Amino acid sequence: MSVTLHTDLGELKIELFCEATPKAAENFLALCASGYYNNNIFHRNIRGFMIQTGDPTGTGKGGQSIWGRYFADEIKTTLKHNARGIIAMANKGPDTNGSQFFIVYGKQPHLDSKHTVFGKVIDGLETLDAMEKVPVDAKSKPLQEIKIRSIVIHSNPIAEMSI
């Protein structure tokens with residue numbers, strides 16, 4: 001299962017871990033399919049750490065899941081923040097997943113067991129490189145706006161199950 005994020009700086013093809021994290025995958029895929037993430041900005045960018053998006057308000061304080069409420073973490077000991085391009089749910093603490101997610105720029109073991117890892121970048125690392133180089137303000141907001149323009153879903157097993 002994969003999707004491609006078409007951003008202002010290029011494409012990011014993402015493999016989703018649907019079997020290991022079914023709720024996070026279902027939420028992400030449904031939000032992708034509905035256009036929820038289209039034109040969302042990457043509102044937080046910390047070189048050497050991560051870049052974050054998924055809040056339609058662009059403030060980093062908004063966004064919600066497809067269920068209209070937070071959903072539980074799906075922490076798996078086999079899924080870690082152990083490589084550049086790992087994708088995880090942003091949260092405000094345990095079991096507070098909504099729509100926001102982040103992509104790490106490198107290993108971040110201190111995040112293991114705190115955030116649901118639900119995918120990884122499998123193509124487009126040059127786009128991730130370009131994102132990491134964008135200058136930011138004092139609050140880590142990119143000075144150059146980076147948006148998700150659109151998302152292509154390459155295969156959607158969640159939709160196929162409901163047929």
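## Lys141 and its surroundings

Lys141 counts as partly exposed, because its relative accessibility is 37% and the partly exposed class lies between the limits of 20% and 50%. This value, like the others in this report, comes from a predicted model. Along the chain, Lys141 has its place in the loop between α2 and β8.

Which residues does Lys141 touch, if those up to four places away in sequence are not counted? They are Ile41, His43, Gly58, Pro135 and Val136. The pair Lys141 and Phe42 shows how the fold brings distant parts of the sequence together, since 99 residues separate them along the chain while their C-alpha atoms are 7.9 Å apart in space.

## The sheet

Eight strands make up an open sheet, in which the pairing is antiparallel and the order is β3-β4-β6-β5-β7-β2-β1-β8. The edges are taken by β3, residues 44-46, and β8, residues 148-153; each has a single partner strand, so one side of each is left without a neighbour in the sheet. On average, and with direction ignored, neighbouring strands of this sheet are turned by 25° against each other.

## From β3 through β4 to β6

Starting from the edge strand β3, one finds three bridges that pair it with β4 in the antiparallel sense, and within this pairing Arg44 stands opposite Gln52 in β4. The hairpin of β3 and β4 has three residues between the strands, and in this hairpin Gly48 takes a positive phi near 80°. Strand β4 is also joined to β6, with which it runs antiparallel, by four bridges, and here the bridge partner of Gln52 is Phe102. The next pairing links β6, residues 101-104, to β5, residues 86-89, again in the antiparallel sense and over three bridges; Met89 has Phe101 in β6 as its bridge partner.

In a regular strand the side chains alternate between the two faces of the sheet. Are the residues on the two sides of β4 buried or exposed? Met50 and Gln52 on one side, and Ile51 and Thr53 on the other, are all buried, and both faces of β4 are therefore covered.

## The two helices

Helix α1, residues 22-34, lies across β1, β2, β5, β6, β7 and β8, and it runs at about 115° to β8. Its 13 residues should span 18 Å at 1.5 Å a residue, and this agrees with the 18 Å that separate its end C-alpha atoms. The buried residues in α1 include Ala24, Phe28, Leu31 and Cys32. An α-helix has 3.6 residues a turn, so residues three or four places apart point the same way. After α1 comes Gly35, which has a positive phi, near 85°.

Helix α2, residues 125-132, lies across β1, β2, β3, β4, β6 and β7, and it runs at about 115° to β2.

## Cysteines without a disulfide

How many disulfides does the structure hold? The number is zero. The closest cysteine sulfur to that of Cys18 belongs to Cys32 and is 11 Å away, which is too far for a bond, because a disulfide needs the two sulfur atoms to be within 2.5 Å. Cys18 counts as buried, at 16% relative accessibility, and Cys32 is buried as well, with a relative accessible area of 6%.

Conventions. Residues numbered from 1 in each chain as written. Predicted model: local features only at pLDDT ≥ 70, side-chain atom pairs only at ≥ 80, totals over all residues. Heavy atoms only, no water. Pairing = 2+ DSSP bridges. Axes fitted to C-alpha atoms, helices over the stretch in contact; angles between N-to-C directions. Contact = heavy atoms within 4.5 Å. Buried < 20%, exposed > 50% of the residue type's maximum accessible area, 1.4 Å probe, protein only. Expected span 1.5 Å × (residues − 1).
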